[in-house]
Amino acid sequence: MAAFPRRRTACPAGALLTGNDSFTKRKTMDFPRTVLLGHDMIEQVADACKSLQFGKKGVIVTGSDTHSAAGRRVEELMSVSYDAKVVLTGSATMDNVRVVEEEARAHKAKFLLAVGGGSKIDITKMVAYDLGIPFLSIPTSVAHDGIASDRASIKSDGRSVSVSAASPIGIIADTRVINDAPFKYLAAGCADVISNLTALRDWEIANKVKKEEISSSACIISRFAAEEIIFNSGSIKEGYEESVWLVLKPIIASGLSMGVAGSSRPTSGSEHMFSHALDAIRPDTALHGAQCGVGTIMMMKLQRGNWKRVRDALKCIGAPTTAAELGFSDDEIIEALVRARGMREDRYTVLGEKGLTRRAAEKVARDTGVI
């Protein structure tokens with residue numbers, strides 16, 4: 001019998017090993033333990049809590065609209081075996097975090113259920129982090145990749161900041177519930193994941209210019225998520241529950257990449273800084289993910305990447321690609337580009353040390369058709 005040829009493998013020891021015993025790196029990574037995805041999965045919430053061995057007293061964090069969409073059903077299902085108090089809250093602000101935290105303390109909650117969109121999940125992450133108790137992420141929409149991450153976007157002093165928070169111990173993503181939400185939320189979630197492509201390029205730039213440490217594992221996961229959304233962009237359509245199914249796994253993967261990296265670096269770069277600048281100029285005008293998508297088009301142009309591929313994928317999905325579609329004026333887009341660098345001084349990106357001049361900002365916005 002013929003023998004298989006032996007492959008010669010180049011393995012230069014000096015490429016990775018220093019030859020001494022001074023290695024001191026350490027990292028902690030928190031990931032969801034249970035992930036339930038699909039049609040009517042919300043019906044499994046009580047069973048999921050039992051399998052995770054939650055205590056009997058908990059708090060359901062939701063909003064008025066999301067309580068109608070799914071919170072009431074979760075309340076009914078939990079009432080059979082648990083003492084779960086419903087707390088209605090609003091946007092992701094530190095004031096609302098404190099209010100929910102006080103309610104959870106008063107109820108002596110042993111767990112939290114976040115039923116809602118990004119703001120409800122972000123609030124719950126912060127409360128879970130502060131109280132040291134587990135929480136389940138139960139999204140009613142997926143407007144960004146935060147449903148699985150250990151980062152929370154909280155409004156403080158008029159601006160959104162990304163902070164460390166608790167990672168959900170489990171996720172229950174019901175495709176029927178999410179499909180019932182306005183399609184603009186799903187489109188924004190897709191845009192947020194696609195924006196990983198410019199975030200990763202920015203991280204590579206920071207690695208070359210500033211010697212910032214980079215996680216190849218986080219990069220691989222983040223890039224997979226973005227490419228998966230682009231690959232399926234022609235199949236992501238309004239009103240089709242299967243579209244939600246196609247989007248959920250990449251969105252969760254994108255969130256997990258932050259857990260691997262220990263920061264938001266693999267999913268947040270210059271395009272997010274642009275989005276935060278828009279929020280500072282005129283808050284609550286467009287969805288965060290949608291703003292990041294438009295920012296990705298322009299930042300990819302600055303990075304000399306294939307910005308048309310990004311734009312075409314966003315168009316195919318139905319996400320905004322222009323200032324008008326976002327609801328901003330041309331001048332506001334230009335101003336946001338100029339102010340973007342100052343939104344996060346500690347993060348080096350393609351915007352460099354000083355950011356864009358007004359002339360450069362207007363040129364990239366016009367060249368890409370954003371204005």
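This is a short tutorial dialogue on reading some features of a predicted model.

User: I'm new to this structure. Where should I begin, and which residues have the most contacts inside the largest nonpolar core?

Analyst: Welcome! A general idea helps here: in soluble globular proteins, nonpolar side chains tend to be buried together. In this predicted model, the largest nonpolar core has 82 residues, and Phe274, Met298, Ile333 and Leu337 have the most contacts inside it. Helix α6, residues 183–194, gives the most to this core, with eight residues. There is also a second, separate core of 22 residues, with Leu77, Met78, Ile138 and Ile172 among its members.

User: Let me pick one of those residues. What is Ile333 in contact with, leaving aside its neighbours within four places in sequence?

Analyst: Good choice. With those neighbours left aside, the contacts of Ile333 are Phe274, Leu278, Met298, Ala323, Phe328, Ala365, Val370 and Ile371. Phe274 and Met298 also appear with Ile333 in the list of residues with the most contacts inside the largest core.

User: Which residues of helix α14 are buried, and what do they pack against?

Analyst: Helix α14 spans residues 330–339, and its buried residues are Glu332, Ile333, Ile334, Ala336 and Leu337. These buried residues pack against α10 (270–281), α11, α13 and α15 (358–367).

User: Now for a pair of helices. At what angle do α8 and α9 pack?

Analyst: For a helix pair, look at the angle between the two directions and at the distance between the axes. Helix α8 (residues 216–231) and helix α9 (residues 241–261) pack at about 160°, with their axes 8 Å apart. An angle over 145 degrees counts as roughly antiparallel, so that is how α8 and α9 run relative to each other. The crossing of α8 past α9 is left-handed. Where they meet, α8 contributes residues including Ile221, Phe224 and Ile229, while α9 contributes residues including Val247, Pro250 and Val260.

User: What about polar residues? Is Gln303 buried or exposed?

Analyst: Buried means under 20% relative accessible area, so Gln303, at 10%, is buried. Gln303 sits in the loop between α11 (288–302) and α12 (307–317). To read such a residue, check the partners of its side chain. The side chain of Gln303 reaches the backbone oxygen of Thr198 at 3.1 Å, and a polar contact of 2.9 Å joins it to the side chain of Asp202. Apart from neighbours within four places in sequence, Gln303 is in contact with Thr198, Arg201, Asp202, Ser270 and Val350.

User: Where does Ala319 lie, and what does Ala319 touch?

Analyst: Ala319 is in the loop between α12 and α13 (323–326). With 6% relative accessibility, Ala319 counts as buried. Not counting residues up to four places away in sequence, Ala319 touches Ala187, Ala191, Leu314 and Glu325. The C-alpha atoms of Ala319 and Phe183 are separated by 9.5 Å, although these residues are 136 apart along the chain.

User: One last feature: backbone angles. What is the phi of Asp40, and what is the phi of Asp284?

Analyst: Here, check the sign of phi and whether the residue is glycine. Asp40 is not a glycine, yet its phi is positive, near 60°. Asp284 also has a positive phi, of about 60°, and is not a glycine. Asp40 is found in the loop between β1 (34–38) and α1 (45–51), and Asp284 in the loop between α10 and α11. Asp40 is partly exposed, at 30% relative accessible area, whereas Asp284 counts as exposed, at 66%.

Notes:
Residues are numbered from 1 along each chain as its sequence is written. This is a predicted model: local features need pLDDT of at least 70, side-chain atom pairs count only at pLDDT 80 or more; totals for chains, interfaces and linings use all residues. Side-chain values use heavy atoms; hydrogens and water are left out. A nonpolar core is a set of buried Ala, Val, Leu, Ile, Met, Phe, Trp, Tyr and Cys residues joined through side-chain atoms within 4.5 Å. Buried means under 20% relative accessible area, exposed over 50%, partly exposed in between (1.4 Å probe, protein chains only). Helices (H or I, at least four residues) and strands (E, at least two) are DSSP runs, numbered from the N terminus. Contact means heavy atoms within 4.5 Å. A polar contact is a pair of N or O atoms within 3.5 Å; within protein, one must be able to donate a hydrogen and the other to accept it, and residues adjacent in sequence count only if both atoms are side-chain atoms. Axes are lines fitted to C-alpha atoms, for helices over the stretch in contact, and angles run from 0 to 180 degrees between N-to-C directions. Angles under 35 degrees count as roughly parallel, over 145 as roughly antiparallel, 65 to 115 as roughly perpendicular and the rest as oblique. A crossing is left-handed if the near helix is turned anticlockwise from the far one by less than a right angle, and right-handed if clockwise.
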